Amino acid sequence: MNRVYIKTYGCQMNERDSEAVAAQLRGRGYTIVADEQSADVVLLNTCAVRDQAEQKAIGKTGHLAKRKRKDPNFIIGVMGCMAQNRGEDLLERLPDLDLLVGTQKFHRVPEMLDRFIASQKGIGPRPSTIVDLGEESGSEETIREHTEGERKVSSFVSIMQGCNMHCTFCIVPKTRGAERYRSMDSICEEIEELVAAGTREVTLLGQIVNSYGMRQIPYRSGISPFVQLLERVNAIPELERIRFTSPHPRGFQKDLVEAYGRLEKLMPYVHLPLQSGSDEMLKRMRRPYSRRRFSEIVSQLREVCPDICLSTDIIVGFPGETHEEFEDTRSLFEEIRFDMAFIFKYSERSGTKAAEMGDDIPAEEKESRNQVLLEILGRTSLEKNSALVGSVQKVLLEGPARKGEGMFMGRNPGNRKVIVPASPRLVGEIVPVRITKATVTTLSGELCLTGIDESESAVLSH
Ligand code: SAH
Ligand code: F3S
């Protein structure tokens with residue numbers, strides 16, 4: 001009666017929230033299962049950024065409802081951004097839901113489930129649908145738990161919740177609320193615990209990480225609170241690598257650029273959302289930077305760290321996007337040569353400012369603009385990856401690869417996936433890999449023993 005399956009839609013923040021819910025449930029005696037069939041409870045952690053993501057979760061819930069009609073003890077919960085976005089209206093469409101849990105209430109899930117389980121054991125009545133979508137002060141500190149005893153070489157750590165920007169297309173400020181920051185002490189303690197359990201790399205998560213601590217933690221000799229946090233994390237012994245996602249171009253000041261030159265654990269990789277290369281479009285999107293400023297940040301980063309890898313988000317087909325405006329995006333996208341990018345077709349979100357502008361770019365036109373950028377991305381990534389063939393990359397081995405006996409997966413400093421035959425003993429180690437093959441998304445290679453002292457090569461040969 002207590003097997004729970006959690007399905008996650010959307011971004012890394014959502015993955016992290018699901019992981020914290022799973023850890024909290026385990027702590028309460030629930031078993032987290034990897035397949036839906038054997039579960040007594042299915043929780044969907046949802047995304048509301050695009051309509052497609054919402055439709056997928058709604059379709060899935062409808063499907064689960066069929067099972068519930070045969071098995072009334074089966075429990076279905078919808079958590080996260082779509083729950084917050086659509087609220088109780090969702091119950092009209094999905095009357096079989098047992099739980100509807102907002103983005104500030106993840107930590108309440110165990111006690112909610114306890115009530116259902118108690119009723120199934122004959123203790124107390126079966127609750128009707130539990131709806132909890134309110135705000136809760138301090139909830140940013142509740143996404144903290146990781147499953148005990150489970151080693152994760154690379155872990156996500158949530159440093160803040162919410163976003164105070166007003167990008168006209170974006171539903172996130174509605175679903176995630178205003179910015180709330182965790183304390184540096186609490187974040188660093190969490191990372192120290194993770195490191196003690198075997199973590200070697202952390203990715204600090206927030207909707208707009210370089211806003212971290214704004215107006216709460218003072219600048220120190222021109223150093224922003226976010227960079228102060230990076231400095232503290234950089235000083236944690238035995239942690240090897242730091243990444244974060246996502247910063248906003250607006251707050252990408254000199255102190256953050258320079259951090260790449262002086263914090264040795266900060267990996268040479270940035271996900272910096274561009275959205276559009278047209279100044280007019282950026283204004284309509286309410287993104288407070290220009291094409292020129294974005295290029296300037298990229299040049300500064302490349303100056304401090306010549307082989308820094310860059311990824312970005314782009315929206316095509318935003319209301320009123322003309323051919324010339326798209327051409328501005330295309331040319332800048334080509335010029336910057338991103339290593340990775342997420343290209344999204346604009347999706348109207350009701351309640352946003354952009355929804356008042358109409359959704360006037362036809363679906364085929366959005367698709368064709370999408371294809372133009374994907375073609376550039378595919379070409380650039382392949383060129384950049386191919387240039388690494390023959391080089392030796394420092395790869396942090398995360399675990400077995402999805403395919404191939406004896407094959408392991410890790411990442412190079414630039415965040416590229418690298419596949420290599422290795423031994424389970426090397427998981428969690430940074431190993432030198434000579435790259436022998438490159439595709440658009442992945443590198444593969446062989447462990448490279450030259451240049452390593454004998455004791456290490458003994459380990460490597462096992
Ligand atoms: N600041 C956040 C952004 C969250 S949304 C972060 O990167 O952490 C992630 C991406 O989805 C955005 O950068 C944007 O490119 C895309 N997106 C947001 N709203 C969208 C919409 N209405 N239609 C299409 N794409 C959208
Ligand atoms: Fe969304 Fe813009 Fe914030 S994309 S998450 S409103 S920075």
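Reader: Which strands does helix 1 lie across, and at what angle does helix 1 run to strand 7?

Author: In this predicted model, helix 1 (residues 12-27) lies across strand 7, strand 10 and strand 11. Its direction is at about 95 degrees to strand 7. Helix 7 (residues 184-196) lies across strand 7 and strand 10, and runs at about 165 degrees to strand 7.

Reader: How should one read the sheet, and in what order do the strands stand?

Author: Strands of a sheet pair through backbone hydrogen bonds, in either a parallel or an antiparallel manner. Here 3 strands make an open sheet with the order 7-10-11 and parallel pairing. Strand 7 (154-158) and strand 11 (241-245) are the edges, each pairing on one side only. From one strand to the next, the twist averages 25 degrees.

Reader: How many bridges join strand 7 to strand 10?

Author: Strand 7 and strand 10 (residues 201-205) run parallel and are joined by 5 bridges. Ser158 has Leu205 as its bridge partner in strand 10.

Reader: Which residues of the largest nonpolar core touch the most other members?

Author: In soluble globular proteins, nonpolar side chains tend to be buried together. The largest nonpolar core in this model has 67 residues, of which Ile191, Leu204, Phe226 and Leu229 touch the most other members. Helix 7 contributes the most to this core, with 6 residues. Leaving aside neighbours within four places in sequence, Leu204 contacts residues including Val157, Ile191, Phe226, Leu229 and Ile242.

Reader: Which residues come nearest to ligand 1?

Author: There are 15 residues around ligand 1, and Gln207, Ser246, Gln275, Asp313 and Ser347 come nearest. An oxygen atom of ligand 1 is 2.6 Å from an N or O atom in the side chain of Asp313. For the side chain of Ser246, an oxygen atom of the ligand is 2.8 Å from an N or O atom. With Ser347 the partner is a polar backbone atom, 2.7 Å from a nitrogen atom of ligand 1.

Reader: In what sense does strand 15 pair with strand 18 and with strand 16?

Author: Strand 15 (residues 392-400) pairs with strand 18 (residues 430-438) in the antiparallel sense over 5 bridges, and Leu396 stands opposite Ile430 in strand 18. Strand 15 also pairs with strand 16 (residues 407-411) in the antiparallel sense, over 4 bridges. Pro400 stands opposite Phe408 in strand 16.

Reader: How many residues lie between strand 15 and strand 16 in the hairpin?

Author: The hairpin has 6 residues between strand 15 and strand 16. In its turn, Gly404 has a positive phi of about 95 degrees.

Definitions and conventions. Residues are numbered from 1 along each chain as its sequence is written. Chains are lettered from A and ligands numbered from 1 in the order in which they are written. This is a predicted model: local features need pLDDT of at least 70, side-chain atom pairs count only at pLDDT 80 or more; totals for chains, interfaces and linings use all residues. Side-chain values use heavy atoms; hydrogens and water are left out. Two strands pair if DSSP finds at least two bridges between them. Helices (H or I, at least four residues) and strands (E, at least two) are DSSP runs, numbered from the N terminus. Axes are lines fitted to C-alpha atoms, for helices over the stretch in contact, and angles run from 0 to 180 degrees between N-to-C directions. Contact means heavy atoms within 4.5 Å. A nonpolar core is a set of buried Ala, Val, Leu, Ile, Met, Phe, Trp, Tyr and Cys residues joined through side-chain atoms within 4.5 Å. Buried means under 20% relative accessible area, exposed over 50%, partly exposed in between (1.4 Å probe, protein chains only). A residue is near a molecule or strand if one of its heavy atoms lies within 4 Å of it. A polar contact is a pair of N or O atoms within 3.5 Å; within protein, one must be able to donate a hydrogen and the other to accept it, and residues adjacent in sequence count only if both atoms are side-chain atoms.
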